[in-house]
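Here are a few short exercises to work through with the structure open beside you. Try each task before reading its solution.

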Amino acid sequence: MTDSPTPRRDLAGRGGEAAALTRALHAADSGHPAMLLVVGEAGIGKTALVGHVVATACAQVSRSVRRVAGVAWESALPFGVAAQLLRTGDLAPSRLSGPAPAQAVLDTGRRLHEQWTALQREHTLVVVVEDAHWADVDSLRAMRSAVRRMTDEKILVLLIARKQPEDVPGTSLVPAPVLRTLEFLDALHDDAVRPGPLGPDEVRALARETCGLTLDLPTARRLARHTRGNPRHILALLHELPDRTWHEWCPDLPAPARYTAAVRHWLEECEPTVRLLAEACSVLGAQALLDQAAALADLDDPMPALDVARESGLLVVTVDPGHLRLSFVHPLVRAAVLTGMSLARRATLHRRAAALSGDTGRRLDHRSEAAATVDADLAEELDQYAAGRAAAGEWSTVADVLVRASRLSPQRAAREDRLLRAVDAMIGAGDVPQAAAFAAELESLPPGTLRDVVLGYLAIMRGRPAEAETHLNQAEEQAGTQPRPDLTARICQRRVLHALGRWDGPQLVTWARRAVELADPSDPSVVESKAILGLGLAAMGRPQEAVEAYAAAESELPQGAQPQRFQLGRGWVDLAQDAPEAARRRLETAVPTGYRMGSTRISLWAQGWLARTQFALGAWTEAIETVQHAAARLDDVRIELVRPLIHWTGAQIHALRGDWETAEEHCRQAAAAINHYEVMLVPACLARAQVNEARGDYRGVIEALTPILELPTRASIDEPGFWPWADVYANALVMTGDLEEADTFLAPHEELALRRNHRSTRARLGLARGRLSAARGDIEAARQSFEISLAHLHQLPLPYDRARVNFAYGQSLRRAGKRRDADAVLRNARDAYHALGARTYVDRCDREVKAGGLLAGRAAPSAAAQLTPQEQAVAQLVASGATNSQTAAELYISVKTVQYHLTRLYAKLGVRSRTELAAHFRETAPPT
């Protein structure tokens, strides 16, 4: 027992649990005595959590702490823990086979009550019982009785217990005294704090803080999954394994040494048949069929051994029709059994498993695991199997198989070639972090075409165009000296992706056609090149040719994962050509990867454009869900090329909803610079510009979009339908008073949209033209522009675009003094924004209607009834923190007019500054 805890540092991933314990301590300080259970599996961090919270609390406010602990060999000793607290000998008259009589419990409870009441007079008393699962039930009952007698004493009793007394298999037979204790603890389930497993982010923090290791997210996920988030096991593996383990290709992780020893010791005590069955299951994988395991273990009747393994907590049995599936109760148990075997025994079992398996992939896996030295024949078989899987687009399998083949290859050239193709497949599967872990090794290889093709591919996925260009140029130079048609075709396919990143339509078409001509028709890259060929044609303003190209390609689509690429490209073009409903159907088909073994990279692109499609259709809740799913996957695979596209929609919707913090986080995630690919830069700029537009910060809009304006080549970017930036930029120019510049900028975009007859682009540009005409005082020309824009949108399912045109239309009418007309149009805009959930613009519509003055008598707040409608609108914006420029842009008036209104309303309200104005509106605002 100790009376003063040792301070602990903050604990990763325990904020909620720490807050719950802290609240209980504060309640005890206020005279609310309680008994609280802190329960979880062994090693989950219960004691560390309690120690940290108690130490932190005692450092802030003086408290008394008493600590005792239960021990396994005293679990049957009546009042053993109570005796520690009372600092006396055995409280029971004799050792009892069962619980002590009720009167003995009450008497002991009374003595504890007296002691604790005395101790808490000056300071709150915290009683901590560690390993309460080993405490005798009589002591726990007496403690519970003592707490129940209290009314306003400052006491908190914390019981720290495991879910089960042991954390390894073979100890599921619990003694009767411990069972009684567990039943008592179960009754406290309503007053319990349950530290859960650590997630990947917490695993990364733990590794960084305790070992100075930086883990990427996929590695942290793998470690969390392997240990089920248990900090004890995580720390053990972090300390026991070399640091390079966490940055290299590592198919299997072991169990911690102590865990392995405990499992192995238990297996040695069992019947040999139980050990044989467990070893067979560990070799067969995470799940095994009983008949396969029995055959591998050479057991004629495996049921007795299975019953022992199941009852002891080693194996879990799942009954399927006609099958019994066996799995280990914990991933570490399988790892402990597997690594606990001798290498010779393990190799023997893998060879036997290979002979028994009817699946080619599984058979090769087992043979690879059994191989103790390099094996050229096996490496060649693996290579051939990988080629078959590549034809189906199963890149993750291809990568794993080729890494094994590389390790088994005796010849250096074959070893390097297979490793390069393995990394290429990793990138194709979307596993960029794992591919990046091999980058240093690839850089050290001799110069060669395949090496530079793979490194160029990796650079593309990481969003590094200059690096990709260098590697692809070097690959072309090497290919000229070492002609290989397959590598030339692969260079073309990488050039296609590079051109996609540059959003260069002509280059997309050129390289896609060359790739199709050079590649084997069965190569998966052919389908992708055909899909991107359609995109390139559309980006050059040739949508009809794009549709024809897709129609021709669709008739030749193979089975497997390849149609996913086609659906992405066609859906992307559909959205650009004002067919969002068709786009949604195709893009939804391109998102899944699980059942058809699709590409994660393609799926992320599909989700990015699906979110834009859902946004256009007004399905904003679905769009946010799509963004969330894609962002979570993106954190795993780190394909930077698609990151801005995914976060663009999240930034825009959250800004329109008024959730500025989340919108800013999406902008941060979407950020890209001029040295990144155009397909990254443009959505990053749009995300920031549209957040600024929602704020009414039009100078910020211009600043955000200027990098697009300064791009050396913009032909494909300016093509109507793909990147709606021109109307946002032109609108901002008008709102900031740069009318001539706006006119000059708009003209070529309007001409191009007219030539393409692209309805939604003509409508968006018509919004900017209408604002410009109104700003010049030509309200009839403005009316015509807005009406034409609404006509273009009439049969298009684009509710946000319609609302945006109506809002600009209403603002322009109000400024021209057409208040009644403005009111009707603004109410149309408000209704549409309200239906979408665009709270930011609902509020702006309300301010516009109020500023129009038609409903001023009803809408003017009583505290400012003496103000005109426009003065009220100015006052509310300035009071909320808007600058004069922002207020002018928001209300579509000049800065001088804002200054004029401020002077008048200061005089009317008797205030002298913006601060006093804000205070005045806070004090007079009606309750909400």
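**Exercise 1.** In this predicted model, compare the expected span of helix α40 (residues 799-815) with the distance between its end C-alpha atoms.

*Solution.* Start with the expectation: at 1.5 Å a residue, the 17 residues of α40 should span 24 Å. Next, take the end C-alpha atoms, which are 24 Å apart, in agreement with that value. Now look at the surroundings: 14 of the 17 residues of α40 are buried, so the helix is largely enclosed by the rest of the structure. Finally, step past the helix to Gly 817, which follows α40 and has a positive phi, near 85°.

**Exercise 2.** Work out how helix α10 (residues 257-269) and helix α11 (residues 272-284) pack, and which residues make the contact.

*Solution.* First, the geometry: the axes lie 7 Å apart, at an angle of about 135°. That angle makes α10 oblique to α11. Then list the contact: α10 brings Arg 264, Trp 266 and Leu 267, while α11 brings Val 274, Arg 275, Ala 278 and Glu 279. Sorted by character, these residues give four nonpolar, three charged and no polar.

**Exercise 3.** Find the strand order of the open sheet of five strands, and identify its edges.

*Solution.* Reading across, the order is β2-β3-β4-β1-β5, with parallel pairing. β2 (63-69) and β5 (192-193) each have a single partner strand, so one side of each is left without a neighbour in the sheet. Zoom in on β3 (residues 124-130) and β4 (residues 155-162): five bridges join this parallel pair. There, Val 126 stands opposite Leu 156 in β4. To finish, add helix α1 (residues 15-29), which packs on the sheet, touches β1 (34-40), β2, β3, β4 and β5, and makes about 150° with the direction of β4.

Notes. Residues are numbered from 1 along each chain as its sequence is written. This is a predicted model: local features need pLDDT of at least 70, side-chain atom pairs count only at pLDDT 80 or more; totals for chains, interfaces and linings use all residues. Side-chain values use heavy atoms; hydrogens and water are left out. Axes are lines fitted to C-alpha atoms, for helices over the stretch in contact, and angles run from 0 to 180 degrees between N-to-C directions. Helices (H or I, at least four residues) and strands (E, at least two) are DSSP runs, numbered from the N terminus. Angles under 35 degrees count as roughly parallel, over 145 as roughly antiparallel, 65 to 115 as roughly perpendicular and the rest as oblique. Contact means heavy atoms within 4.5 Å. Ala, Val, Leu, Ile, Met, Phe, Trp, Tyr, Cys and Pro count as nonpolar, Asp, Glu, Lys and Arg as charged, and the others, Gly among them, as polar. Two strands pair if DSSP finds at least two bridges between them. The expected span of a helix is 1.5 Å times one less than its number of residues. Buried means under 20% relative accessible area, exposed over 50%, partly exposed in between (1.4 Å probe, protein chains only).
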